[in-house]
Amino acid sequence: MDEEKVNEQQHQTYWEMVWSRLKRHRLGMASLFVVIFFCIVGIYAPLLASSKPIVVYYDGTWYFPLFRYLFYTGFYTKKIDLFFNIFMFTLPVFILVFYALKRVPRLRKLSMTLVFCIQMVLFIYFSTGVVKDPAADPTLNAERQEVVQQVIKNTGHSPYPSWYFDLKYMNEYAKLNMLLRYEQRNNQHQRLMKYHKEFQDAALNRWAEKKAKKKKLEMLRKGINPAKIPSVVELRNSIIHNAPKDTLSSIGVMPSLHQMNQDHRERRLKMLNETIERYREEGVTQKESYHYAVSQKRYITDRYKWVMKQSQQIHFEFMPLIRPFHWEDDAGGEQNLNQYIGWTELTRINRKDLVAALIFGIRISLVVGTTAVALALAIGVPIGAFAGYYGGKFDIFVSRLLEIWESMPTFFMLLLVVAITQSKSIFLIVTVIGIFGWTSFSRYIRGEFFKQRN
């Protein structure tokens with residue numbers, strides 16, 4: 001048995017020897033599983049966080065919005081996302097080829113090279129923007145323009161706003177996107193409402209305290225004895241007690257996208273109603289602007305009724321597993337709201353969803369990590385190899401260079417370069433990390449060459 005083990009070890013490849021040693025190291029295996037987990041999360045990020053459902057059953061038809069937008073540059077604006085979206089499909093092929101052709105090394109290398117070439121060709125192809133917006137139909141747009149031009153020719157003015165006229169020239173994905181957006185924002189609003197009371201009380205106290213401080217300053221300016229002026233807390237409570245109910249209810253309204261859209265619609269309808277009433281009082285109901293205001297009001301109400309009715313036709317909707325937002329979507333909210341809601345609903349300072357941004361941020365980390373290490377290896381390995389092989393004065397020169405180069409911290413050099421160039425390009429970050437991070441590799445290779453040479 002001992003002879004068989006020795007023979008087996010002698011016929012092992014380098015990577016098989018590394019793997020056998022790694023399997024005996026518990027901490028190393030645990031770290032490997034963590035890295036693999038984050039890699040899978042980054043690669044398959046769209047299945048975990050996206051505003052496009054994976055599958056929808058609407059009005060008797062099955063739709064797959066996520067896959068229709070997976071290679072559309074208008075939705076995934078970063079090329080790094082397109083690369084990983086393609087890699088979602090080529091990764092299983094890589095794994096299959098790696099294990100299926102394990103006994104045929106040459107064919108395995110050739111097949112994996114072919115799959116890699118296909119990955120790059122598809123990436124270049126989709127990066128050119130060949131995939132168009134599924135919600136845009138050039139034929140319908142052309143037909144709509146023809147009708148508009150005909151109306152202008154016959155009446156001398158553009159057609160008045162009409163929801164059902166616009167609806168006629170929308171394709172199915174344009175309609176579906178509108179309904180999905182309404183469903184997404186409504187669901188988010190319902191989730192946030194459980195934090196409404198705490199958020200509203202805090203907002204009300206901030207508003208009243210600000211009013212109280214202002215009132216106290218006014219009393220001091222009038223020359224009232226400070227001893228007779230109530231405290232800020234007493235003034236705040238008095239302001240809250242005496243404030244009209246309408247004012248109190250308008251403070252601390254949940255700043256969700258759904259609520260903001262509702263408020264905007266109500267304000268718009270109120271303005272249009274005031275405009276229509278003013279025209280009627282003036283007796284100028286024949287003016288074009290009056291008809292435009294009436295049509296605009298009808299457009300808003302018809303659109304809302306249609307959305308409410310058609311949203312009931314969505315009988316099945318399977319969203320991504322973690323978050324219903326893409327990292328570039330506006331998730332609404334405000335920074336004060338983050339103090340009261342759960343961590344899954346947090347938003348960044350630019351109103352983007354925080355969890356979705358973290359999930360997609362793994363992709364950037366993977367690209368920066370792998371390419372920066374590859375660049376550092378490309379620099380450090382040859383320098384360390386030459387220093388260890390030739391030794392002498394060249395080795396002394398390399399050793400002094402390593403000492404000088406290691407005295408420059410990578411992070412601060414990165415900040416310096418970004419400040420000088422005023423650029424946050426990912427390629428700049430990779431270059432700086434690679435250029436200033438090769439010294440450890442070089443030292444290790446230099447020592448190994450010394451050992452092998454001796």
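**Pockets, cores and a small hairpin**

Okay, let's start with the second largest pocket: 16 residues line it, and those nearest its centre are Asn-261, Gln-262, Arg-265, Arg-303 and Tyr-304. A pocket here is an open set of points on a 1 Å grid over the protein atoms alone, with protein on both sides within 12 Å along at least five of seven lines, and lining residues have an atom within 4 Å of a point. What you're looking at is a predicted model, where local features need pLDDT of at least 70 and side-chain atom pairs count only at pLDDT 80 or more, while totals for chains, interfaces and linings use all residues. Residues are numbered from 1 along each chain as its sequence is written, and side-chain values use heavy atoms, leaving out hydrogens and water.

Back to that pocket. It holds about 470 Å³ of space, a volume being what probe spheres set on the points fill, with points joined across faces, edges and corners. H9, helix H13 (257-282) and H14 each put at least two residues into its lining; helices (H or I, at least four residues) and strands (E, at least two) are DSSP runs, numbered from the N terminus. By class, this lining splits into six nonpolar, five polar and five charged residues. For the classes, Ala, Val, Leu, Ile, Met, Phe, Trp, Tyr, Cys and Pro are nonpolar, Asp, Glu, Lys and Arg are charged, and the others, Gly among them, are polar.

Now the largest pocket, with about 2,500 Å³ of space. Which residues lie nearest its centre? Of the 49 that line it, those are Phe-87, Leu-91, Phe-94, Phe-98 and Met-112. The lining draws at least two residues from each of helix H2 (14-23), H3, H5, H6, H15 and helix H18 (426-436). H5 gives the most, with 10 residues. And the class count for the largest pocket comes to 33 nonpolar, seven polar and nine charged residues.

Next, the cores. A nonpolar core is a set of buried Ala, Val, Leu, Ile, Met, Phe, Trp, Tyr and Cys residues joined through side-chain atoms within 4.5 Å, and buried means under 20% relative accessible area, exposed over 50%, partly exposed in between (1.4 Å probe, protein chains only). The largest core here has 46 residues, and Tyr-58, Tyr-76, Trp-163, Leu-176, Trp-306 and Ile-359 have the most contacts inside it. Helix H3 (26-43), helix H5 (79-100), helix H6 (105-127) and helix H15 (354-390) are among the elements that each supply at least two of those core residues, and strand E1 (55-58) is another. There's also a second, separate core of nine residues, including Tyr-195, Phe-199, Met-254 and Tyr-340.

Have a look at Tyr-76 for a moment. Setting aside residues up to four places away in sequence, it touches several others, among them Pro-46, Leu-66, Tyr-69, His-326 and Phe-360; contact means heavy atoms within 4.5 Å.

On to the strands, which pair if DSSP finds at least two bridges between them. E1 runs antiparallel to strand E3 (residues 314-318), with four bridges joining them, and Tyr-57 stands opposite Phe-316 in E3. On to E2 (residues 61-63): it is joined to E1 by three bridges, again antiparallel, and Val-56 has Tyr-63 as its bridge partner there. E1 and E2 make a hairpin with two residues between them. In that turn sits Asp-59, with a positive phi of about 55° although it is not a glycine. Is Asp-59 buried or partly exposed? Partly exposed, because its relative accessibility is 45%.

Arg-351 also has a positive phi without being a glycine, near 70°. You'll find Arg-351 in the loop between E3 and H15, and it counts as partly exposed because its relative accessibility is 26%.

Thr-347 is in the loop between E3 and H15 too. Thr-347 is buried, because its relative accessible area is 8%. Its C-alpha atom is 6.9 Å from that of Ala-331, 16 residues apart along the chain. Beyond its neighbours within four places in sequence, Thr-347 is in contact with Ala-331, Gly-332, Gln-335, Asn-338, Lys-352 and Leu-354.

Last stop, the largest cavity, meaning a set of points where a 1.4 Å probe fits but cannot get out. Its volume is about 60 Å³, and Thr-347 is one of the residues lining it, as are Gln-188, Leu-192 and Ala-331. That lining divides into four nonpolar, five polar and two charged residues.
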